[in-house]
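Hi,

Here is the structure I said I would pass on. Have a look at it first, and then read my notes below.

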Amino acid sequence: MSQDSHGPAPVTIIVNARPHTWEAKEITFEQVVDLAYPGQPPNDQDTYTVQYSRGHDGHGTGSLTAGHSVHVKKGMVFDAYRTSRS
């Protein structure tokens, strides 16, 4: 049974201090926000910031912006912050 026929092996990532099983090679900004704030769709009043650490090959830390993605690896940590304008 080759790994290619089933996609990448699931890994555990940490989003806002909670573990999540992730089964894709990459994760998008929008997917991180959805994991961090489940059932709370973004709206015009909210701004999100996503930082990550423990990433791949010299890209161990950084930020993720809307419309972009990053390769995931086991134990990678994501912190998503929501700022609301009043």
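Let me start with one residue: at 12% relative accessibility, Tyr52 counts as buried. Here buried means under 20% relative accessible area, exposed means over 50%, and partly exposed is in between (1.4 Å probe, protein chains only).

Before the rest, some ground rules. This is a predicted model, so local features need pLDDT of at least 70 and side-chain atom pairs count only at pLDDT 80 or more, while totals for chains, interfaces and linings use all residues. Residues are numbered from 1 along each chain as its sequence is written, and side-chain values use heavy atoms, with hydrogens and water left out.

Now the overall layout. The chain has one helix and seven strands, running β-β-β-α-β-β-β-β from the N terminus. Helices (H or I, at least four residues) and strands (E, at least two) are DSSP runs, numbered from the N terminus. Of the 86 residues, 28% count as buried. The chain exposes about 5800 Å², and carbon and sulfur atoms supply 51% of that; the areas come from the Shrake-Rupley method with a 1.4 Å probe, and for residues only the protein chains shown count as cover. Among contacts with a separation of 6 or more, 54% are between residues 24 or more positions apart, where contact means heavy atoms within 4.5 Å.

Back to Tyr52 and its strand, β4 (residues 46–53). Its side chains alternate: Asp46, Tyr48, Val50 and Tyr52 point to one face and are buried, while Thr47, Thr49, Gln51 and Ser53 point to the other and are not. That fits the general pattern, because in a regular strand the side chains alternate between the two faces of the sheet.

Which partners does β4 pair with? One is β7 (residues 77–84), antiparallel over eight bridges, with Ser53 standing opposite Val77. Another is β5 (residues 62–64), also in the antiparallel sense, over three bridges, and there Gln51 stands opposite Ser63. Two strands pair if DSSP finds at least two bridges between them.

Next, the helix. The buried residues of α1 (residues 29–36) are Phe29, Val32, Val33, Leu35 and Ala36. They cover an arc of only 160 degrees around the axis, which puts them on the same side of α1; the arc is that of the directions from the helix axis to the C-beta atoms. These residues pack against β1 (11–15), β2 (18–22), β3 (26–28), β4, β5 and β7.

How many aromatic pairs turn up in a search of the whole structure? There are two. Tyr37 and Tyr48 form a tilted pair, 5.6 Å centre to centre with 55 degrees between the planes. This pair links distant parts of the chain, with Tyr37 in the loop between α1 and β4 and Tyr48 in β4, eleven residues apart. Tyr37 counts as buried at 15% relative accessibility, and Tyr48 is buried with a relative accessible area of 10%. Tyr52 and Phe78 form a tilted pair too, at 6.2 Å and 50 degrees. Tyr52 lies in β4 and Phe78 in β7, so this pair ties together parts 26 residues apart in sequence. Phe78 counts as buried at 0% relative accessibility. Rings of Phe, Tyr and Trp (its six-membered ring) pair if their centres lie within 6.5 Å; planes under 30 degrees apart count as stacked, over 60 as edge-to-face and the rest as tilted.

Finally, Thr28, which is in strand β3. Thr28 counts as partly exposed at 26% relative accessibility. Not counting residues up to four places away in sequence, Thr28 touches Leu64, His68 and Ser69.

Cheers
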